[in-house]
Amino acid sequence: MSERSPNSEDLDLTDPAGYPHWTVITIRCRDEDQLGHVNNSVYSEWFEVARVTLTREVSAAGPDWLVTALARMTINFLGETTWPGEVRVGGRLLGVGNRSFRSAYAVFRDERCLATADCVSVWFDQRSRSSATPPPQVREAMEAELRRTASGARPAR
């Protein structure tokens, strides 16, 4: 990554104060497994919704052929939850590279952190089916978001 959020390695991913972007998700009855709690696989779905939402919020509109693809996601499961109810998923950028970016997420129910995720996503050219360098306005928008996050400013809406 060529540009990172200052001290991104020192962030406490379980602290809701570190997330400027939020997605609310309703827990579905079918999300529960035989153990009577939300299945771990559902957390990856929640992180995906937050990741796509964050990417759309912080990057400038690019060409139609440019999308993002998840390259890596590391999840730390910290607690369980059950249906019914809602969870909030916080998200933030951690770094922006030439063809990829790193982001972090956490699932909260009330004030309890249930899981965290660290993700690497790549910009992807749907025409060539390969990673791509984003147009300058996309990269500049994400770098501006990193600077806003580092300064404690709230995201532009």
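How many helices and strands are there in the protein? The model in front of you is a predicted one, and it holds 2 helices and 7 strands. If you walk along the sequence, these elements come in the pattern β-β-α-β-β-β-β-β-α. The radius of gyration of the protein is 16 Å, close to the 15 Å that the globule rule gives for 157 residues, so the protein is as compact as a globular protein of that length. Its C-alpha trace spans about 45 × 35 × 25 Å along the principal axes.

Let us stay with the whole protein for a moment. Of its 157 residues, 44% are buried. The surface that the protein exposes comes to about 8100 Å², with carbon and sulfur atoms supplying 48% of that area. There are also charges to consider: 19 positive and 21 negative ones, and the mean positions of these two groups are 5 Å apart. Now think about which parts of the sequence meet. Take the contacts between residues at least 6 apart in sequence: 73% of them join residues at least 24 apart.

With that picture in mind, let us step inside and begin with strand E4, which covers residues 86-96. Is E4 largely enclosed or largely open? Here, 9 of its 11 residues are buried, so the strand is largely enclosed by the rest of the structure. A residue counts as buried when its relative accessible area is under 20%.

Which strands pair with E4? One partner is strand E2 (residues 21-26), which runs antiparallel to E4 and is joined to it by 6 bridges. To find this pairing in the model, look for Ile25, which stands opposite Val87 in E4. Another partner is strand E5 (residues 100-109), again antiparallel, with 8 bridges joining it to E4. Here you can look for Arg88, which stands opposite Phe108 in E5. E4 and E5 also form a hairpin, and 3 residues lie between the two strands. As you trace these strands, a general point may help: in a regular strand the side chains alternate between the two faces of the sheet.

From E5 the chain leads us on to strand E6, residues 112-125. E5 and E6 form a hairpin too, with 2 residues between them. The two strands pair in the antiparallel sense over 10 bridges, and one place to see this is Ala106, whose bridge partner in E6 is Thr116. In the turn sits Asp110, which has a positive phi of about 60 degrees even though Asp110 is a residue other than glycine. Is Asp110 buried or exposed? With a relative accessibility of 66%, Asp110 counts as exposed, since the cut-off for exposed is over 50%.

E6 itself is mostly covered, with 12 of its 14 residues buried. Strand E3 (66-77) pairs with E6 in the antiparallel sense over 11 bridges. Ile75 is a good guide to this pairing: its bridge partner in E6 is Ala117. E6 is also joined to strand E7 (130-131) by 2 bridges, and these strands run antiparallel as well. Asp125 has Ser130 in E7 as its bridge partner.

The hairpin of E6 and E7 has 4 residues between the strands, and Arg129 takes a positive phi near 60 degrees there. Arg129 is not a glycine either. At 57% relative accessibility, Arg129 counts as exposed.

Our last stop is among the loops. Glu32 belongs to the loop between E2 and helix H1 (40-58). Its relative accessible area is 27%, which makes Glu32 partly exposed. Which residues does Glu32 touch, leaving out those up to four places away in sequence? They are His37, Val38, Asn39, Thr82 and Trp83. Thr82 deserves a second look: Glu32 and Thr82 are 50 residues apart in sequence, yet their C-alpha atoms are 6.8 Å apart in space.

Trp83 brings us to one more feature. A cis peptide bond joins Trp83 and Pro84, with omega at about 0 degrees. Pro84 lies in the loop between E3 and E4, and that brings us back to E4, the largely enclosed strand where our look inside began.

Key:
Residues numbered from 1 in each chain as written. Predicted model: local features only at pLDDT ≥ 70, side-chain atom pairs only at ≥ 80, totals over all residues. Heavy atoms only, no water. Rg over C-alpha atoms; globule rule 2.2 N^0.38 Å. Buried < 20%, exposed > 50% of the residue type's maximum accessible area, 1.4 Å probe, protein only. Contact = heavy atoms within 4.5 Å. Areas by Shrake-Rupley, 256 points an atom, 1.4 Å probe, with all protein chains shown as cover. Lys, Arg positive; Asp, Glu negative; His and termini not counted. Charge placed at Lys NZ, Arg CZ, Asp CG, Glu CD. Pairing = 2+ DSSP bridges.
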